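Here are my notes on the model you sent. They are set out as numbered points, to be read next to the coordinates.

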Amino acid sequence: MIEKVEKLDMEKVIENFERLTKDAEKVQRETLKRILEENASAEYLQNLGLNGRTDPESFKACVPLVIYKDLEPYINRMVGGDVSPILTGKPITGISLSSGTSQGKQKFIPWNDELFETTVQIYQTSFAFRNRDFPIQNGKALGFIYSSKSSQTKGGVTAATATANVFKNPGYKHVMEALKSPSVSPDEVIFSPDFHQTLYCHLLCGLLFREEVQIVSSTFAYSIVYAFRAFEQVFEELVNDIKQGVLSNRVTHQSIRTAMSKLLKPNPELANLIHKKCTGLSNWYGLIPELFPNVKYIQGIMTGSMEAYLKKLRHYAGDVPLLTSEYGSSEGWIASNVNPKVAPEFATYAILPQIAYFEFIPLTQLDGNEVELKPVGLTDVKIGEEYEIVLTNPAGLYRYRLGDAVKVMGFYNSTPEIKFLRRNNLLLTINIDKNTENDLQLSVETASELLAKEKMEVIDYTSYIDLSKEPGRYVIFWEISGEANDKLLSECCTCLDKSFVDLGYISSRKSKGIGALELRVVRKGTFKIILEHYVRLGASVSQFKTPRCIGPANKEVMQILFANVVKNYFSFAYK
Ligand code: AMP
């Protein structure tokens, strides 16, 4: 596989995608057959009485739709070191730890070489289409990638985040070289156990290779914004390191120091140039192209909850295009962005029919009796309809409900092009109100326009349902830049409240079934503490998504937020 990748011909990748998507139904049948044959000896499948049948009809008749909780007992045995065929025919090669930011609890997802192979396929497809519109010439990528630490489970299985499982695969480097995106940073930086030190060195490597950087990337756009916010704080120190040719003593890991000492030489000219460029900017606007004159685009997942960071990212990017990359999860990859010129807000993703077997539950079925769920196949979805994705992957997940809601926007040949809508679990609800993370995002976006008028912004946000007093209320936590006065924040609070347009919410607010919305402003750096908290638990900065609603399952995060509130306001809407 690696040799093939080295000679990768982008047009061939596109041709292959054309071929696979022209008969997506057939490819889906073959994919299911392959998965079921490879795992025919798995106890889970054996118990369901498939008896060697691999067609979609028998599969759907015998195998139930599941959520993580249903598979947990099987996965726990695998985590515990039981290598008998439980969910997969061959023993898994590792476990991917989900960040636990969406449901408050980390999940253990089986990982194997086939999942790495699907990662290669999705990266190649997205890159081939990107490269057609935005060609790269032997450049380097400043990739904000962090390989979180891996651990051994009690049963001796290696557990790491999905991104870390990808980065540490021996084939990963070759793949990125073939995709003309080798990292500017040495492995010692990527694999350091301390993400602050990794981030500092990524930035330093980027500056040292500034002329060669053609891509600035990360898995999720959050990490790019986080990195350049950090740059604002440390740029004088970075400049000093370049001037002296000596790494700041904030980096303590010897392996990183040794690797970086090979790259650093005193270079006062470069140091002065960077200093001049940074100090010449107005409020850091256009920082990225100023630092990296040959950058062609900025790339990462930029849809869904990442849209909250686009404004800031555009500020740093100036006129450099933002390209959203792929759609996937620790449980498996789903789709590539094959129209990279489209702005992230309007982006769709085309499903790769060979990487998993997909089904779609119409969201209309989720309102009522869930026993009767009837998912449809990949090629049976309808344009304009909304669905929850169900996937069957090559690493032991069968008819697994992912919990993501998507909308079908069109077809690429016969495979659907989907728009990510949201995580499907309801976020804010007290009685008859129903607000999703998307509704919260829109409300925050609207209210933050009031701050923008005063040249301030919302750095990050989350929410909480306060039921400690009657009636319950929505509480929204904001970390903001600058110092807003009470009048402005009070207006923001009322605007947040009014911007929830769900009729259940509005009527409950009017009838006082829901109390006045509360805005709590937290100390600067609070969301960084939350990130650090998750990283300590084993989450990766590469995959981090700020949890948008904090519940009892996130006790520690709640404590962090509560301890850092500096001001609070109540809405005057619906008085
Ligand atoms: P993880 O738990 O870190 O594997 O994150 C996977 C989740 O991230 C998915 O289930 C989605 O909710 C979200 N996600 C991944 N890719 C995208 C995308 N392109 N657009 C929006 N959300 C995404």
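**Notes on the model**

1. Status and division of the chain. This is a predicted model. The chain is divided into domain 1 (10-114 + 327-423), domain 2 (135-320) and domain 3 (427-570). Domain 1 is thus given as two segments of sequence. Taken over C-alpha atoms, the centres of domain 1 and domain 3 are separated by 32 Å.

2. Annotation. An unreviewed UniProt entry lists residues 439-550 under "domain: GH3 C-terminal". In the model this span is 42% helix and 20% strand, and the C-alpha atoms at its two ends lie 16 Å apart. The label is taken from the record; the percentages are computed from the model.

3. Residues around the ligand. Which residues come closest to the ligand? Of the 15 that surround the ligand, the closest are T303, E326, S330, D404 and K545. By class, the shell holds 5 nonpolar, 6 polar and 4 charged residues.

4. Polar contacts and burial. Two side chains place a polar atom by a ligand nitrogen atom: T303 at 2.6 Å and Y349 at 3.1 Å. For D404, a polar side-chain atom lies 2.7 Å from an oxygen atom of the ligand. The ligand taken alone exposes 500 Å², and 93% of that is buried by the protein.

5. Where the shell comes from. Two elements, β9 (326-329) and β16 (415-423), give two or more residues to the shell around the ligand. The largest share is that of β9, with 4 residues. At the level of domains, domain 1 (10-114 + 327-423) and domain 2 (135-320) each supply at least three residues of the shell.

6. The β9 hairpin. What is the strand with the largest share of the ligand shell paired with? β9 runs antiparallel to strand β10 (residues 332-336), and the pairing covers 4 bridges. The two strands form a hairpin, with 2 residues between them. Within the hairpin, G328 stands opposite W333 in β10. When viewing this part of the model, keep a general point in mind: side chains in a regular strand alternate between the two faces of the sheet.

7. A four-stranded sheet. An open sheet has the strand order β2-β1-β5-β4, and its pairing is mixed. Why do β2 (108-111) and β4 (151-152) each have one side without a neighbour in the sheet? Both stand at the edges with a single partner strand, so one side of each is left without a neighbour there. Further in, strand β1 (residues 94-97) and strand β5 (residues 158-160) pair in the parallel sense over 2 bridges. One register point to check on screen is S96, whose bridge partner in β5 is A160.

8. Backbone points to inspect. Most peptide bonds are trans, and most residues other than glycine have a negative phi. Two places in this model depart from that. E470 and P471 are joined by a cis peptide bond, with omega about -10°. P471 belongs to the loop between β17 (458-466) and β18 (473-480). The other place is N138, a residue other than glycine whose phi is positive, near 35°. N138 sits in the loop between α7 (113-133) and β3 (140-143).

Conventions
Residues are numbered from 1 along each chain as its sequence is written. This is a predicted model: local features need pLDDT of at least 70, side-chain atom pairs count only at pLDDT 80 or more; totals for chains, interfaces and linings use all residues. Side-chain values use heavy atoms; hydrogens and water are left out. UniProt positions are given in the numbering used here, feature names are shortened, and annotations may be inferred rather than shown by experiment. A residue is near a molecule or strand if one of its heavy atoms lies within 4 Å of it. A polar contact is a pair of N or O atoms within 3.5 Å; within protein, one must be able to donate a hydrogen and the other to accept it, and residues adjacent in sequence count only if both atoms are side-chain atoms. Accessible areas come from the Shrake-Rupley method with a 1.4 Å probe; for residues, only the protein chains shown count as cover. Ala, Val, Leu, Ile, Met, Phe, Trp, Tyr, Cys and Pro count as nonpolar, Asp, Glu, Lys and Arg as charged, and the others, Gly among them, as polar. Domain bounds come from an automatic or database domain assignment. Two strands pair if DSSP finds at least two bridges between them.
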